[in-house]
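Got your viewer open and a hand on the mouse? Load the model below and follow along, stop by stop.

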Amino acid sequence: MFINYAHRGASAYAPENTMAAFELGVRMGANGIELDLQQTRDGTIVLFHDAEIDRKSNGSGTIGEHTYAQLRELDFGGWFHASFQGERIVRFEDFAQTFARRDLTFAVELKGAGFEREALETVRRYFDLNRVYITSFSYEALRRVRALDGAIRLSWLIRESIDEGGLQKLREIRGSQICPPARSVTAAEVELAHAWGAGVRLWGVSDEEIMRRTFPLHTEGMTVNFPDKLKALMDGQTGRR
């Protein structure tokens with residue numbers, strides 16, 4: 001089944017990695033959610049993407065410089081639009097309690113290192129493990145996750161083309177998916193991944209042209225900021241998959 005991942009929620013229409021964005025993504029027809037994990041100074045795992053909070057909150061510094069209580073005092077929605085003022089940072093556990101048992105597939109991205117065990121504990125507690133992928137650009141982070149859990153599905157995010165060297169590395173950690181940038185992926189790369197037994201999920205689908213060009217490539221899904229537009233494309237192509 002092709003997965004329409006709401007990228008940090010419906011982030012074209014609501015502040016990313018907030019409850020508002022995730023709920024909107026589901027209402028727009030996404031059958032998957034992509035989210036980003038970081039750890040606070042006092043060890044709480046929260047949802048946030050950027051290295052610093054300056055652009056997407058009314059605070060400053062990094063997630064790791066703040067306690068969870070301090071972050072909860074900040075506004076993580078007003079930067080996007082005044083109508084979202086008051087959106088708070090989301091704990092991973094609160095997200096899991098709200099969304100994990102819904103009919104969705106999840107791409108859970110580790111944005112840092114050192115909290116793999118804690119992230120896995122929450123995943124195991126709440127999620128159907130057949131519907132979640134632990135993802136990262138960091139091969140070492142994924143390698144540590146595999147050392148902690150022999151069965152969890154792993155997705156390796158890459159910035160380059162799919163090639164046999166990368167697929168061999170994915171095989172070494174028994175990864176399920178390789179995730180190249182949509183802008184440059186080719187049909188031959190997707191076919192190569194499939195020949196190696198790997199699924200493909202696309203990231204960086206920044207506009208509708210890229211979405212439409214890559215949709216026919218028989219990948220397992222893509223992350224989009226506009227899940228409504230991908231849902232409309234999927235509905236118009238019923239029977240393609």
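Here is a tour of the model, with something to select at each stop.

**Before you click**

This is a predicted model, so local features need pLDDT of at least 70 and side-chain atom pairs count only at pLDDT 80 or more, while totals for chains, interfaces and linings use all residues. Residues are numbered from 1 along each chain as its sequence is written, and side-chain values use heavy atoms, with hydrogens and water left out.

**Stop 1: the annotated span**

Select residues 2-234, where UniProt, in an unreviewed entry, places the feature "domain: GP-PDE". UniProt positions are given in the numbering used here, feature names are shortened, and annotations may be inferred rather than shown by experiment. The end C-alpha atoms of this span lie 9 Å apart, and the span is 33% helix and 21% strand. Helices (H or I, at least four residues) and strands (E, at least two) are DSSP runs, numbered from the N terminus.

**Stop 2: the largest pocket**

Next, select His 7, Arg 8, Trp 203, Gly 204 and Thr 223, which lie nearest the centre of the largest pocket. A pocket here is an open set of points on a 1 Å grid over the protein atoms alone, with protein on both sides within 12 Å along at least five of seven lines; a cavity is a set of points where a 1.4 Å probe fits but cannot get out, and lining residues have an atom within 4 Å of a point.

The largest pocket has a volume of about 240 Å³, counted as the space filled by probe spheres set on the grid points, which are joined across faces, edges and corners. Its lining takes in 17 residues. Colour β2 (32-39) and β9 (199-205), since each supplies at least two of the lining residues. Which strand gives the largest share of the lining? That is β9, with four residues.

Now colour the lining by class: you should get four nonpolar, seven polar and six charged residues. For this count, Ala, Val, Leu, Ile, Met, Phe, Trp, Tyr, Cys and Pro are nonpolar, Asp, Glu, Lys and Arg are charged, and the others, Gly among them, are polar.

**Stop 3: Glu 16 and the largest cavity**

Go to Glu 16, in the loop between β1 (3-7) and α1 (19-27). Is Glu 16 buried or exposed? Glu 16 counts as buried because its relative accessibility is 13%; buried means under 20% relative accessible area, exposed over 50%, and partly exposed in between, using a 1.4 Å probe and protein chains only.

Show the side chains of Glu 16 and Arg 8, and you'll find a polar contact of 2.9 Å joining them. A polar contact is a pair of N or O atoms within 3.5 Å; within protein, one must be able to donate a hydrogen and the other to accept it, and residues adjacent in sequence count only if both atoms are side-chain atoms. Not counting residues up to four places away in sequence, Glu 16 touches several others, including His 49, Asp 50, Lys 56 and Trp 79. Contact means heavy atoms within 4.5 Å.

Keep Glu 16 selected and add Asn 17, Thr 18, Leu 47, Phe 48, Lys 56, Phe 76, Trp 79 and Ile 89: together they line the largest cavity. About 40 Å³ of space lies inside this cavity. Its lining has five nonpolar, two polar and two charged residues.

**Stop 4: helix α4**

Select α4 (residues 116-126) and pick out Glu 116. Glu 116 is buried, because its relative accessible area is 6%. A polar atom of the Glu 116 side chain lies 3.2 Å from the backbone nitrogen of Gly 114. Leaving aside neighbours within four places in sequence, Glu 116 is in contact with Leu 110, Ala 141, Arg 144, Val 145 and Leu 148.

Thr 122 lies in the helix α4 too. Thr 122 also counts as buried, at 9% relative accessibility. Outside the four-place window, Thr 122 touches Phe 92, Glu 93, Ala 96 and Phe 127.

**Stop 5: three loop residues**

Arg 174 is in the loop between α6 (164-172) and β8 (177-179). Check its phi: about 55°, positive although Arg 174 is not a glycine. Arg 174 is partly exposed, at 49% relative accessible area.

His 218, in the loop between α8 (208-214) and β10 (221-224), has a positive phi of about 60° although it is not a glycine. With a relative accessible area of 46%, His 218 is partly exposed.

Finish at Gly 150, in the loop between α5 (139-148) and β7 (153-157). Gly 150 counts as exposed, at 51% relative accessibility.
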